[in-house]
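Colleague: I would like to learn how to read a model such as this one, feature by feature. Could you take me through the helices, the sheet and the cores in turn?

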Amino acid sequence: HPLVAALGRYVLAGSKLHADDTPVAVLSPGRGKTKTGRLWVYVRDDRSSASADAPAAWLRYSPDRKGEHPQAHLKNFKGVLQADAYAGFAKLYANGNVIEASCWAHARRPFWDLHESQGRAQGSVAEQALRRIGALYAIESDIRGRPPDERCRERQARAGPLLEELFAWLRGMLGQVCAKSELARAIGYTLTRLRSLTRYRDDGRIEIDNNAAERALRGVSLGRKNFMFMGSDAGGERAAAIYSLVETAKLNGLDPEAYLRDVLGRIADHPINRIDELLPWNIGRHAEDQRQAA
């Protein structure tokens, strides 16, 4: 618990976080069946903007998906939160301490689903939307790994005009499609989030999407295929702790099993006031120093 708490403090000290959640099956004692709990992930990873800060993922468990849970997790966070459009995040943006940045992958997804359902027809509205969004991603590929100020300049010069054209085109399309159609809903999702979807253009720290959080939950998704359920709410909390350490070890290029074996062998005798020394990136640096000394 002290190690995961130290990891959480580090994650929340960042100026930008990625957030997401996923359902997990949890045994409901005395009922002979399972309920649906949630695992929430908060990722600090600024490597795409040339930061030398270690990447980290902090997971929390809750027995349901009420907005009070992420609000409690992030009550002390101040900065940019990149997430999907889940309503439970809304209260975090109300006081101005947390700035909303939306995800272009989420905005793109309904257009892709429509494109697939239409047999990938060329020239359709969905295909045109995908092509326009793809142009924005192409710019990101060019500037990945550059410092925030350079990314901001490039985005304003190159992505700025494309964003203006895209939103103008979407507004024009909205008046030409059935108001109750899936296409209208896809367009409406994007238009109503114009401000948060374009925020990345003017802030080089922000990513174009929330894929960092989605990647951090892949281990949980894989786990769902290999176990039936978590045994209790307490089991969910323990799973969140282990997933936090495993995913952070992976982000820092460590073998998670070797890392956990090392930590479990040392933590009982480790001074509590030096718990940060056992965080994955610090253990990785210690191991590298030992190799160089040898």
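Modeller: Gladly, and please keep in mind that this is a predicted model. We can begin just past the end of a helix, where H5 is followed by Gly145, a residue whose phi is positive, near 95°.

Colleague: Which residue with a positive phi follows H11?

Modeller: After H11 comes Gly253, and its phi is positive, near 75°. At the other end, the start of H11, a side-chain oxygen of Ser232 comes to within 3.3 Å of the backbone nitrogen of Ala234.

Colleague: Why does the span of H5 agree with what its number of residues would suggest?

Modeller: Helix H5 covers residues 125-143, and because its 19 residues at 1.5 Å a residue should span 27 Å, the 28 Å between its end C-alpha atoms agrees with that expectation. Helix H11, residues 233-251, also has 19 residues, and it reaches 27 Å from its first C-alpha to its last, close to the expected 27 Å.

Colleague: Which residues of H5 are buried, and against which helices do they pack?

Modeller: The buried residues of H5 include Val125, Ala129, Leu130, Ile133, Leu136, Ile139 and Ile143, and Glu127 and Glu140 are also among them. The buried residues of this helix pack against helix H4 (104-117), helix H6 (148-174) and helix H7 (182-191). In H11, the buried residues include Gly235, Gly236, Ala239, Tyr243, Leu245, Val246 and Glu247.

Colleague: What does Gln128 touch, once residues up to four places away in sequence are not counted?

Modeller: Gln128, which is found in helix H5, touches Gly123 and Trp169 when residues up to four places away in sequence are left out. Its side chain reaches the backbone oxygen of Gly123 at 3.0 Å. As for long distances, the C-alpha atoms of Gln128 and Arg274 are separated by 55 Å, with these positions 146 residues apart along the chain.

Colleague: In what order do the strands of the sheet lie, and which are the edge strands?

Modeller: As a general idea, strands of a sheet pair through backbone hydrogen bonds, either parallel or antiparallel. Here five strands form an open sheet in the order E3-E2-E1-E4-E5, with mixed pairing. The edge strands are E3 and strand E5 (98-101), each of which pairs on one side only, and the twist averages 30° from one strand to the next. Seven bridges join E2 to E3, and these two strands run antiparallel; in E3, Leu59 is the bridge partner of Val41.

Colleague: What angle does the direction of H1 make with that of E3?

Modeller: The direction of H1 makes about 115° with that of E3, and this helix packs on the sheet, touching E1, E2 and E3. H11 likewise packs on the sheet and touches E1, E2 and E3, with its direction at about 170° to that of E3.

Colleague: Which residues touch the most other members of the largest nonpolar core?

Modeller: In soluble globular proteins, nonpolar side chains tend to be buried together. The largest nonpolar core has 35 residues, of which Leu3, Leu74, Leu81, Phe89 and Tyr259 touch the most other members. The elements that give two or more residues to this core include helix H3 (90-94), H11, helix H12 (256-266) and helix H13 (280-293), while H1 gives the most, with seven residues. Phe89 touches Ala19, Trp40, Pro70, Leu81, Ala83 and Asp84, not counting residues up to four places away in sequence. A second, separate core of 30 residues includes Ala101, Leu166, Phe167 and Met173.

Conventions: Residues numbered from 1 in each chain as written. Predicted model: local features only at pLDDT ≥ 70, side-chain atom pairs only at ≥ 80, totals over all residues. Heavy atoms only, no water. Helix = DSSP H or I, 4+ residues; strand = E, 2+ residues; numbered from the N terminus. Expected span 1.5 Å × (residues − 1). Buried < 20%, exposed > 50% of the residue type's maximum accessible area, 1.4 Å probe, protein only. Polar contact = N/O pair within 3.5 Å; in protein donor to acceptor, adjacent residues only side chain to side chain. Core = buried A, V, L, I, M, F, W, Y, C linked by side-chain atoms within 4.5 Å. Contact = heavy atoms within 4.5 Å. Pairing = 2+ DSSP bridges. Axes fitted to C-alpha atoms, helices over the stretch in contact; angles between N-to-C directions.
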